[in-house]
Amino acid sequence: RSIDDFKNNHYIAKLLSKIPHYISSIQQQLIESKQEIESKSQELQNQIEYLLDDDDPEDEEIPPIEKALFKNYMGNAYLSLGKYSKAISCFQYAIAVWKRVISMGDNIVSEYDSSLEQQLDITIVNCYIGIGDSYRGSGDYPKAIDNYQKGLSLIGSKAKYVETIICISFKIAEAYSQKGDISSSIATYNETIFFIRNLGMDYGVHLYEAYSNCANQYYKQKE
């Protein structure tokens, strides 16, 4: 073996001997980065909760529509934080305000925001979806299904809300499955498949997802 080979091998051995140190250093950096991210995440969560609790949508000076929008925002924020009871309370408040706004007549909505007037029905539907997601997150599947169905009943089979109809139908089927009612889950998926098939090829991805999810439920039923 030449002197150059010896030098190269010695250099490689020296590098290899440093690898454990490098790995240990990288692991330590990852741990510190993770701790920093968790700390920042907790700090952000605390700030969000402070802001939510600090603002008062009950203030008489706040217009009804802004109250509803604010409560809807609060509901989604609490839902993302896993604070389901607070989320449900906010969504229910928003629905009550929206219904009161509707009873006041269309002008109050159009004067505030003309685009909102066109989306008012789906805004209320989204509140019911939020309530359903909150109940589902807390494990109360019957109430989740009930609220999903309330939302679905408000839009019926309106063509412009096809995506929302499919989304809610999937949520209902999944909630039935989580509840342990596999037969109802399969029935809901089959109804959704029939609905999607009548829409045409534009919704092929949703149709594939519905068939796939339904097949999984048949598999569960046989277990």
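**Notebook: helix α7 and the largest pocket**

I began at the end of a helix: just after α7, Gly180 takes a positive phi of about 100°. I was working with a predicted model throughout, and therefore looked up confidence next.

**Entry 1. Confidence.** The protein averages a pLDDT of 78, and 69% of the residues score at least 70. I then asked which elements have the lowest and the highest mean pLDDT. Helix α4, residues 106–112, has the lowest, at 52, and α7 has the highest, at 94.

**Entry 2. Overall make-up.** I recorded 9 helices and 0 strands in the protein. Read from the N terminus, the order of elements is α-α-α-α-α-α-α-α-α. Of the 223 residues, 33% are buried. I also looked up the range of the contacts: among those between residues at least 6 apart in sequence, 56% join residues at least 24 apart.

**Entry 3. Helix α7.** I returned to α7, which spans residues 162–179. This helix has 18 residues and reaches 26 Å from its first C-alpha to its last, close to the 26 Å expected at 1.5 Å a residue. Is α7 enclosed, and how many of its residues are buried? I noted 13 of the 18 as buried, so α7 is largely enclosed by the rest of the structure.

**Entry 4. Ala173.** I chose Ala173 as one residue of helix α7. Its relative accessibility is 0%, so Ala173 counts as buried, the limit being under 20%. Setting aside neighbours within four places in sequence, I found Ala173 in contact with Ser185, Thr188 and Tyr189. I also checked Ala173 against Asn213: the two are 40 residues apart in sequence, and their C-alpha atoms are 9.0 Å apart in space.

**Entry 5. Ser169.** Ser169 also lies in helix α7. Is Ser169 buried or exposed? At 11% relative accessibility, Ser169 counts as buried, because the limit is under 20%. Not counting residues up to four places away in sequence, Ser169 touches Leu152, Thr188 and Thr192. Thr188 had already appeared in my list of contacts for Ala173.

**Entry 6. The largest pocket.** I next looked up the largest pocket, which has a volume of about 180 Å³. Which residues lie nearest its centre? Of the 12 residues that line the pocket, these are Leu152, Ser169, Thr188, Glu191 and Thr192. The contacts of Ser169, namely Leu152, Thr188 and Thr192, are thus found again among the residues nearest the centre. I recorded that α6 (141–155), α7 (162–179) and α8 (182–197) each supply at least two residues of the lining. By residue class, the lining divides into 5 nonpolar, 6 polar and 1 charged.

**Entry 7. Helix α3.** I turned last to helix α3, residues 84–103. This helix has 20 residues and reaches 29 Å from its first C-alpha to its last, close to the 28 Å expected at 1.5 Å a residue. Which residues of α3 are buried? I listed Ala87, Ile88, Cys90, Phe91, Ala94, Ile95, Val97, Trp98 and Val101. Ser85 is also found in helix α3. With a relative accessible area of 58%, Ser85 is exposed, since the limit for that class is over 50%. I noted one distance for Ser85: Gly75 is 10 residues away in sequence, and the two C-alpha atoms are 9.5 Å apart in space.

Note on methods:
Residues numbered from 1 in each chain as written. Predicted model: local features only at pLDDT ≥ 70, side-chain atom pairs only at ≥ 80, totals over all residues. Heavy atoms only, no water. 1 Å grid on protein atoms, 1.4 Å probe; cavity = no way out; pocket = protein on both sides within 12 Å on 5 of 7 lines; lining within 4 Å. Points joined across faces, edges and corners; volume = space filled by probe spheres on them. Helix = DSSP H or I, 4+ residues; strand = E, 2+ residues; numbered from the N terminus. Nonpolar A, V, L, I, M, F, W, Y, C, P; charged D, E, K, R; others polar. pLDDT = per-residue confidence, 0-100. Buried < 20%, exposed > 50% of the residue type's maximum accessible area, 1.4 Å probe, protein only. Contact = heavy atoms within 4.5 Å. Expected span 1.5 Å × (residues − 1).
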